[in-house]
Amino acid sequence: MKRKICYSDLPLITKDPLKNVHDLIEYGADKVELLMDGEKWDDMEKSFKKLSSKLKELPIGYTIHPPAWDINLTSENKAIREASFLEYKKAIEFAGMIQASHVVIHPGFCFSPVFDKHLAKQRAEDYINQLCEFAKPLNVKLAIENVGYNGSSIFTQDEFISFLENIHDTAGYLLDIGHANLNGWDIPQIMKQTKDRLIALHVHDNNGTGDDHLPIGEGTVPWQEIFKTIHEQSIDCQLILEYAPGTPLEKLHEGKEILLKELSTE
């Protein structure tokens, strides 16, 4: 069976979401991950009904990425934590309206070594379990992403792998390949150990020094090992090309062709 490849609209961030979807379809998207950041989303609640109606008219599926900047479920500031939680709830509500398959959840960041990562992980667990309760009746999955690098991740590799043990099964894993590469994690090993709850992969590259969101093959990510693991472990999760703002859309189409060629089962 031919895989359906999802494109994040991150390359088109700050532009009109509906036009973004049309443009990504033109370049071969089977599914689109809508990133709800930028001024076009400022009045999101007011636009949900109209936008969801227009999105559902298009021959494509969706995933949702809530605001990624300035959001931190494990912030040391309670007001920021609570605002982040509410923004996630809005994103889940919108996902239900457009039958999106999942919503990406960043479990949080620890931006200073003086802060307690054990407390951060507990906050993340508490908030995500609450979000699961909200998402379940809407038939929306929550995809928990590995985020943070240069010490800001609240997880080690093993802690990320075990994080969902006490989380409702409405949640699964989203393994961001670029973030894992930045942290020196063993990407094939993570895939093997999370495959039963692996919802998606964020597919992008970097050189191990910055979160560059480069196209496949332009950095140091061990792609052949990853493709081999997907084959050997029969991993059937959503593949999401998440390239940097301003990336030419032709690169997304090229990325799709690489994935289809490397992961063909024919």
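The exercises below, each with a worked solution, concern a predicted model of a protein.

**Exercise 1. Overall form**

Determine how many helices and strands the protein has, and how its radius of gyration stands against the globule rule.

*Solution.* Begin with the secondary structure: the protein contains nine helices and eight strands. Next, take the radius of gyration, which is 17 Å. For 266 residues the globule rule gives 18 Å, and the two values are close, so the protein is as compact as a globular protein of that length. The C-alpha trace spans about 45 × 45 × 30 Å along the principal axes. Then consider burial: 56% of the 266 residues are buried. The accessible surface comes to about 12300 Å², and carbon and sulfur atoms account for 48% of that surface. Finally, turn to contacts between residues at least 6 apart in sequence; 78% of these join residues at least 24 apart.

**Exercise 2. The surroundings of helix 1**

Identify the buried residues of helix 1 and the elements against which they pack.

*Solution.* Helix 1 covers residues 17–26, and its buried residues are Pro17, Leu18, Asn20, Val21, Asp23 and Leu24. These buried residues pack against three strands and two helices: strand 1 (5–8), strand 2 (31–35) and strand 3 (61–65), together with helix 2 (44–56) and helix 9 (249–262). Now examine the two ends. At the start of helix 1, a side-chain oxygen of Asp16 comes to within 3.2 Å of the backbone nitrogen of Leu18. After helix 1 comes Gly28, which has a positive phi, near 105°.

**Exercise 3. Cysteines and disulfides**

Explain why Cys237 forms no disulfide with Cys6.

*Solution.* Recall what the bond requires. A disulfide is a covalent bond between the sulfur atoms of two cysteines. The cut-off applied here is a sulfur-to-sulfur distance within 2.5 Å. By this rule the model has zero disulfides. The nearest cysteine sulfur to that of Cys6 belongs to Cys237, 11 Å away. This distance is too far for a bond, and therefore Cys237 is not joined to Cys6. As to accessibility, a residue counts as buried under 20% relative accessible area. Cys6, at 0%, is therefore buried, and Cys237, at 9%, is buried as well.

**Exercise 4. The nonpolar cores**

State which residues touch the most other members of the largest nonpolar core, and which helix gives the most to this core.

*Solution.* The general background comes before the particular case. In soluble globular proteins, nonpolar side chains tend to be buried together. In this model the largest nonpolar core has 77 residues, and Tyr62, Ile64, Phe94, Leu142 and Leu201 touch the most other members. Helix 4 (residues 117–135) gives the most to this core, with seven residues. Apart from this core lies another, of seven residues, including Val104, Leu174, Ile199 and Ala200. Leu201 may then be followed individually: beyond four places in sequence, Leu201 touches Leu175, Ile177, Met191, Ile230, Cys237, Gln238, Leu239 and Ile240.

**Exercise 5. A loop residue**

Decide whether Asn72 is buried or exposed, and list its contacts beyond four places in sequence.

*Solution.* First, locate the residue: Asn72 lies in the loop between strand 3 and helix 3 (78–97). Its relative accessibility is 7%, so Asn72 counts as buried. Beyond four places in sequence, Asn72 is in contact with Ile80, Arg81, Ser84, Gly108, Phe109 and Phe111. With Phe109 there is a polar pair, in which a polar side-chain atom of Asn72 lies 3.0 Å from the backbone nitrogen of Phe109. Lastly, Asn72 and Glu145 are 73 residues apart in sequence, and their C-alpha atoms are 13 Å apart.

How values were computed. Residues are numbered from 1 along each chain as its sequence is written. This is a predicted model: local features need pLDDT of at least 70, side-chain atom pairs count only at pLDDT 80 or more; totals for chains, interfaces and linings use all residues. Side-chain values use heavy atoms; hydrogens and water are left out. Buried means under 20% relative accessible area, exposed over 50%, partly exposed in between (1.4 Å probe, protein chains only). Helices (H or I, at least four residues) and strands (E, at least two) are DSSP runs, numbered from the N terminus. Contact means heavy atoms within 4.5 Å. A polar contact is a pair of N or O atoms within 3.5 Å; within protein, one must be able to donate a hydrogen and the other to accept it, and residues adjacent in sequence count only if both atoms are side-chain atoms. A nonpolar core is a set of buried Ala, Val, Leu, Ile, Met, Phe, Trp, Tyr and Cys residues joined through side-chain atoms within 4.5 Å. The radius of gyration is taken over C-alpha atoms; the globule rule is 2.2 Å times the number of residues to the power 0.38. Accessible areas come from the Shrake-Rupley method with a 1.4 Å probe; for residues, only the protein chains shown count as cover.
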